[in-house]
Amino acid sequence: MQASKALEISENLRERFACARNVLVLTGAGVSAESGVPTFRGGGQTTVWKGMPFDVISSARMVERDLPAVWEWFDYRRKLLEKLSPNPAHQAIARWQDRFPGFTLVTQNIDGLHHTAGSREVIELHGSIWRARCVACSARADIRLLNDERPPACAECGNYMRPDVVLFGEMLPAGAFERAVESAKNCELCFVVGTSAIVYPAAALPEVARASGAYLVEVNPEKTALSEFCDEAIQGKAEKTLPLFCV
Ligand code: BJW
Ligand code: ZN
């Protein structure tokens, strides 16, 4: 049997990590994989629910056509998430926030596990599964404060509520991408962790960081479209790799 190669952080990257002042971390579904959250596209597979590929059910079109089915899909995922906890990757990232004078965490995940791990001021580009939003007036409701039951109607205007997440074909929350771009322009070190990096506009952030002179590091057990473009592509799992950076 062949022994698996031990993960190592290059001396160059250790030094950059030690000296950096402004750091940006962009995470995707892979950072939560060890916690038990299924990814969307990992391992050459696409998530399918009740015969529908996720990009069909998680789309603006489906909210218009069949909002109850969209709720059912998110209710199912919330029930799964209720039982899950952050893993060593979330915990390492939470420790990093106090290590650097400028630190920004941008996530595409809607699972809230970065918050649970102690990360503050997380930029959630794709919203949160723990909130509902009115289709008419955009008033929001915290589902956890409602005993994990989605609100039947908007408390402000009585209209339908929907999951407060960003589906395909929808705009990101106002200002979220702009703040992320600002951090990408200012960071010296940018980590891209556990994302296939194909969904825009999130996938543009590493491009912005690199174009602004940042050292770009990917952490992913698989190669992605971004790997070739990075200064270092660490082929490893987030939960094994990130704790190797001591703070
Ligand atoms: C591990 C690991 C371990 C495993 N450790 N790693 C330009 C060109 C073409 C199309 C577009 C474009 N610009 C915009 C678009 C359209 C579209 C888009 O990007 N499509 C692409 C597919 C091409 N974008 C949009 O629609 C966005 N809105 C927008 O652009 O608005 C402007 C606009 C509006 C209207 C008209 C015109 C313009 C919105 C995108 C919203 C995405 N939403 C989703 C669903 C959220 C709700 C839900 O959860 O259901 O967000 S899609 C899904 O993908 C989810 C994720 O956040 C997102 C990214 O996925 P992620 O995180 O990368 O996961 P995976 O599964 O793909 O990858 C996991 C990775 O982890 C793998 O690489 C594994 O190897 C790795 N891994 N174990 C580390 N242990
Ligand atoms: Zn309303």
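User: How far does a polar side-chain atom of R41 lie from an oxygen atom of ligand 1?

Analyst: This is a predicted model, and in it R41 is listed among the residues that come nearest to ligand 1, together with S58, R77, T195 and S196. A pair of N or O atoms counts as a polar contact if the two are within 3.5 Å. The distance between a polar side-chain atom of R41 and an oxygen atom of ligand 1 is 2.5 Å.

User: How much of the area that ligand 1 exposes when taken alone is buried by the protein?

Analyst: Backbone atoms also take part in holding this place, since an oxygen atom of ligand 1 is 2.7 Å from a polar backbone atom of G169, and an oxygen atom of ligand 1 is 2.7 Å from a polar backbone atom of Y200. Taken alone, ligand 1 exposes 1,500 Å², and of that area the protein buries 75%.

User: Between which domains does ligand 1 lie?

Analyst: The shell around ligand 1 is made up of 16 nonpolar, twelve polar and six charged residues, and α4 (67–81) and α9 (238–241) each supply at least two of its residues. Because both domains give residues to this shell, ligand 1 lies between domain 1 (1–37 + 85–126 + 172–247) and domain 2 (40–83 + 129–165).

User: What is the arrangement of the four donor atoms around the zinc ion (ligand 2)?

Analyst: The zinc ion (ligand 2) is coordinated at 2.3 Å by the SG atoms of C134, C137, C154 and C157, and in sequence these donor residues follow the spacing C-x2-C-x16-C-x2-C. C134 lies in strand β6 (residues 127–134), whereas C157 lies in the loop between β7 (140–142) and β8 (161–165), so the pair ties together parts that are 23 residues apart in sequence. The four donor atoms subtend angles of 100 to 118°, and the arrangement is therefore tetrahedral.

User: Which residue is joined to P201 by a cis peptide bond?

Analyst: Most peptide bonds are trans. P201 is found in the loop between β9 (189–193) and α8 (204–211), and the cis bond, with omega about 10°, joins P201 to Y200.

User: What is the phi of S138?

Analyst: Most residues other than glycine have a negative phi. S138, which is placed in the loop between β6 and β7, has a positive phi, near 65°.

Terms used
Residues are numbered from 1 along each chain as its sequence is written. Chains are lettered from A and ligands numbered from 1 in the order in which they are written. This is a predicted model: local features need pLDDT of at least 70, side-chain atom pairs count only at pLDDT 80 or more; totals for chains, interfaces and linings use all residues. Side-chain values use heavy atoms; hydrogens and water are left out. A residue is near a molecule or strand if one of its heavy atoms lies within 4 Å of it. A polar contact is a pair of N or O atoms within 3.5 Å; within protein, one must be able to donate a hydrogen and the other to accept it, and residues adjacent in sequence count only if both atoms are side-chain atoms. Accessible areas come from the Shrake-Rupley method with a 1.4 Å probe; for residues, only the protein chains shown count as cover. Helices (H or I, at least four residues) and strands (E, at least two) are DSSP runs, numbered from the N terminus. Ala, Val, Leu, Ile, Met, Phe, Trp, Tyr, Cys and Pro count as nonpolar, Asp, Glu, Lys and Arg as charged, and the others, Gly among them, as polar. Domain bounds come from an automatic or database domain assignment. Donors are N, O and S atoms within 2.8 Å of the metal (3.2 Å for Na, K and Ca); water is not among the atoms, so sites may look incomplete. Four donors count as tetrahedral if all angles lie between 85 and 135 degrees; four count as square planar and six as octahedral if opposite donors are over 155 degrees apart and all others between 65 and 115; anything else is irregular.
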